[in-house]
Amino acid sequence: AARMHKRKHRIYVLMGDGECQGGIVWEAAMSAAKFHLANLTAILDYNDVQLDGPVHEISPSEPLAERWRTFNWHVIEINGHNIRQVVEALELAQEIHHQPTLIIAHTTKGKGVSYMENDYRWHGAVPKKEQFEKALAELGGEEVTHG
């Protein structure tokens, strides 16, 4: 729509690695490349965790970066916990003018919280008050009060 209206919007999509198991992602990837949507940047949270367990056990997606390159996307791989790398990748994506860009952000699910790290059971779970307080302490935060 932006192209049809001659607008220079940048479009950002955030998705998880488990989503890449769905065919609709690949249909969209093919279409974006076909129409040279260089204003499109997708950020893939690549933590190998989905609702039912590790992605690599449920439906392996490797070699993921190469698959996206095969679909004619510019691929950038970063440490998703490093803000400088995130910013640099987003800036680089703006310099790509002939194809869409995928930023694969390698992350750790629940990073910094001992009982949550890489545990798929926390994919959609809400911590109890005590668990929340422990997580906050491990992350070096302060208690949040609701007033």
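The points below comment on a predicted model of a single chain, going from its overall make-up to individual residues.

1. Overall make-up. The chain's secondary structure amounts to five helices and six strands, and, read from the N terminus, these elements follow the order β-α-β-β-β-α-α-β-α-β-α. Taken along the principal axes, the C-alpha atoms fill a box of roughly 50 × 35 × 25 Å. Of the 147 residues in the chain, 32% are buried. Among contacts with a separation of 6 or more, 70% are between residues that lie 24 or more positions apart.

2. Strand β2 and its partners. Strand β2 covers residues 40–46, and because five of its seven residues are buried, the strand is largely enclosed by the rest of the structure. On one pairing, β2 runs parallel to strand β1 (residues 11–16), with six bridges joining the two, and within this pairing G16 has D45 of β2 as its bridge partner. The chain gets from β1 to β2 by way of helix α1 (residues 23–34), and the resulting β-α-β crossover is right-handed. Strand β2 is also joined by six bridges to strand β6 (residues 101–106), again in a parallel arrangement; here A42 has L102 of β6 as its bridge partner.

3. Aromatic pair between two helices. Four aromatic pairs are present in the structure. One of them is formed by W26 and W68, whose ring centres are 4.9 Å apart and whose planes make an angle of 45 degrees, a geometry classed as tilted. Since W26 belongs to helix α1 and W68 to helix α3 (residues 64–70), this pair ties together parts that are 42 residues apart in sequence. Both partners are buried: W26 has a relative accessible area of 13%, and W68 has one of 1%. The two tryptophans also belong to one aromatic cluster, which consists of W26, W68, F71 and W73.

4. Aromatic pair of Y115 and W122. Which geometry do the rings of Y115 and W122 adopt? Their centres lie 5.4 Å apart and their planes meet at 65 degrees, so the pair is edge-to-face, given that planes over 60 degrees apart fall into that class. W122 has a relative accessibility of 17% and therefore counts as buried, the cut-off being under 20%.

5. Helix α4 and its cap. Helix α4 comprises 12 residues (residues 83–94), which at 1.5 Å a residue should span 16 Å, and the 17 Å between its end C-alpha atoms agrees with that expectation; the expected span uses one less than the number of residues. At the N-terminal end of α4, N82 acts as a cap, with a side-chain oxygen 3.0 Å from the backbone nitrogen of R84.

6. Surroundings of Q50. Q50 is located in strand β3 (residues 49–50), and with a relative accessibility of 11% Q50 counts as buried. Which residues are in contact with Q50 once its neighbours within four places in sequence are left aside? They are G18, Q21, V55, I58, Y120 and H123.

7. Backbone points to check by eye. Most residues other than glycine have a negative phi, and most peptide bonds are trans. Against that background, the peptide bond joining E62 and P63 is cis, with omega at about 0 degrees, and P63 is placed in the loop between α2 (55–58) and α3. H36, which is not a glycine, has a positive phi of about 50 degrees; H36 sits in the loop between α1 and β2, and its relative accessibility of 46% makes H36 partly exposed. N118 is likewise not a glycine and has a positive phi, of about 60 degrees. The loop that holds N118 lies between β6 and α5 (129–138), and at 47% relative accessibility N118 counts as partly exposed.

Terms used: Residues numbered from 1 in each chain as written. Predicted model: local features only at pLDDT ≥ 70, side-chain atom pairs only at ≥ 80, totals over all residues. Heavy atoms only, no water. Buried < 20%, exposed > 50% of the residue type's maximum accessible area, 1.4 Å probe, protein only. Helix = DSSP H or I, 4+ residues; strand = E, 2+ residues; numbered from the N terminus. Pairing = 2+ DSSP bridges. Right-handed = clockwise from strand over helix to strand, strands pointing away. Phe/Tyr/Trp six-rings, centres within 6.5 Å; stacked < 30°, edge-to-face > 60°. Polar contact = N/O pair within 3.5 Å; in protein donor to acceptor, adjacent residues only side chain to side chain. Contact = heavy atoms within 4.5 Å.
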